[in-house]
Amino acid sequence: VSAPKREPDFRGLGERIAREEDAILTRMEAAGPGPAFDPNRRVPKSAGAWVGTRAAIAAGALVAAAAGAVLFVRSRPLDLVVDGHAEAPGRWISAPAEAEVPIRFSDGTAFVLDPRASGRVSDVTRRGAHLMLDAGRARVSVTPNRGGQWQVTAGPFTVDVKGTKFDLTWTPAVQELNFVLTEGSVTISGCELGDARPIHRGERLFVSCLRHELRLESASAGTSSADAPVVDAPPATNDEPAPSAPSATAAPPSPPESLASVPAAPSARGAPAPDSWQSMARASRFADAMARVNDLGFDTELARAGRDDLVLLGDAARLTGDATHALTAYQRVRARAPGSDAAATAAFAIGRVYFDQRRAYADAARAFGTYLTERPRGPLAREAMGRRMEALSHAGDLSTAARVADEYLAKYPNGPHAPLARTLRTR
Amino acid sequence: MRTKPVTDRPNAEVIPLRRAESDAALVAALRARAPGAGHALFAAYGEHVRRVLIRVMGPDAELGDIAQDVFVVALESIGKLQNPQALRGWLAQIAVFQARGQLRRRKQWRIVGFFAPAEEEPASERALDVDVETSAALKAAYRVLGKLGVDERIAFALRFIEGMELTEVAAACNVSLSTIKRRIGSAEAAFAKLAAEEPALAEWMGGRS
């Protein structure tokens, strides 16, 4: 008769470890206070305190060490420094209202987030990095380098960069992109642009996803191509276009300098007052907009807002870090206009709130999945699938993440989430 | 959550601190960027954060630096804390997030680099200062924990070493209850398998029929 199998006593084990750890902490405290807390000091990230602690490498291993060091240097990703502090990729970066935030890499490449802009560097390799711009303006200067792999995404847009300088402004509340290329050339994909639209030095690009409007113009010529578009905007395909959205051909010509502040489509009830929270939000003054909303009463505005304003309200709340109000507004959109483009966009935005602000990855994955179900070929489909895969990975659901990774690579082999997809697929 | 003994005297009267009120005042001061508020936060919760960190990472040489980062992040994002009474749990969440980042970076470096970080042997003799058997068991435990996936390691440590309830572990890791159950289940299976190769852990693993 075999002895009954014994179950490991993890609780007992944990108590033993905890007892020893508490004793270690007590000894550390008894040994004297550590360095005083410095509210302004961020410790540079390292791989651990291994430098020097492994100094006793056997002399006979020197050759191997040298070979390993070469491998190490070649494999090492670029260093990332955010606002003067060493940083790891993935952290959400939000520039304050009064200052820009420089993001620098060890090869000399720099992204500078303007005040109020936000985003994150989602991936850093030895050849480049991927900046995901949530909102606002980023000034980008990429050091030319053979084999460089730099990418900037903003909403549905992807900019593939080599050695280039450009300014990019993304206003998610109205889904508008302003792009000015000062050096080099890039390709931009997404929304009205289709795949890999080349942009050349000195060109300015404006795209409105909501209004299906696209303008490409030469800054040196100072002429707007709204009169004679370089690229024809495709016909509207949204099932619920904005009631008064102007068509591409009806859009008034505008000088280049006006590109940064293209007015939003007026609502059916007329253009909002300049000091309304809607105007502030459309001008990317999200904190001011939310302050105005709170003065007026969030619930009052929630009840009063039309569908498009609800999306705007959700975006303003999300981009000021107010996850609770953002979710409330987005969910109201979905309840009020089920099946509409706005409802699908709200599902995507809900996913972003859960992912970026709540770190509730399972909920985020569900929300991105909802968008994909409702708009499998929508302008945010690629991003939604990538973010869903990422969320599933964070939530620990690696088998589903791997399936989504396969699907992603089949559809978007060069998409911004392709490196992550390859990692998940091969696990 | 496992609590530390308040006193050795069995009949001593324990007067609970009015934590909620003091936390609200502290959070208000932090939001107002009152002078000294950051230091007050560190003084009030430094021990709590260090304890969460040592649970997740073991007695690590960088605990102090990571604790410093936890409080810097907390000061930067205090505006996002909606309920001041949740300050303690919120700090634990930041601590777990920072520790997770550090553990993941080390794993990545171990994959791409020639040198292995010292993670496998964080408990130096100096830090442990215990008898030979305890030292061997503790080192074996950290070796096993170091081989788990980072998320599984954190879930296992908070559940069994810190003694948190499942809901508390889920909150600290900012994931759903079902996710944390899955992670802990996965960690238990992996830990048991790896521990079988560590004789020094046999007694600590004990076991029940």
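Contact here means that heavy atoms lie within 4.5 Å, and with that cut-off the predicted model can be followed from one pair of helices in chain A to the overall make-up of chain B.

In chain A, helix α7 covers residues 323–336 and helix α8 covers residues 341–358, and their axes come within 8 Å of each other while crossing at roughly 160 degrees. Since angles over 145 degrees count as roughly antiparallel, α7(A) and α8(A) are therefore roughly antiparallel to each other. The crossing in which α7(A) passes α8(A) is left-handed. On the α7(A) side, the residues that meet α8(A) include Ala323(A), Leu327(A), Tyr330(A) and Arg334(A), while among those contributed by α8(A) are Ala343(A), Ala347(A), Ile350(A), Tyr354(A) and Arg358(A). Sorted by class, this contact of α7(A) with α8(A) comprises 14 nonpolar, three polar and two charged residues.

Chain B has ten helices and zero strands. Of its 209 residues, 49% count as buried, and among the contacts in chain B with a separation of 6 or more, 64% come from residues 24 or more positions apart.

Within chain B, helix α3 (residues 63–76) offers a simple check of geometry: at 1.5 Å a residue its 14 residues should span 20 Å, and the end C-alpha atoms are 20 Å apart, which agrees. Eleven of the 14 residues of α3(B) are buried, so this helix is largely enclosed by the rest of the structure. Its buried residues include Leu63(B), Ile66(B), Val70(B), Phe71(B) and Leu75(B), and also Gln68(B) and Asp69(B).

Key. Residues numbered from 1 in each chain as written. Chains lettered and ligands numbered in written order. Predicted model: local features only at pLDDT ≥ 70, side-chain atom pairs only at ≥ 80, totals over all residues. Heavy atoms only, no water. Axes fitted to C-alpha atoms, helices over the stretch in contact; angles between N-to-C directions. Helix = DSSP H or I, 4+ residues; strand = E, 2+ residues; numbered from the N terminus. Parallel < 35°, antiparallel > 145°, perpendicular 65-115°, else oblique. Left-handed = near helix turned anticlockwise from the far one by under 90°. Nonpolar A, V, L, I, M, F, W, Y, C, P; charged D, E, K, R; others polar. Expected span 1.5 Å × (residues − 1). Buried < 20%, exposed > 50% of the residue type's maximum accessible area, 1.4 Å probe, protein only.
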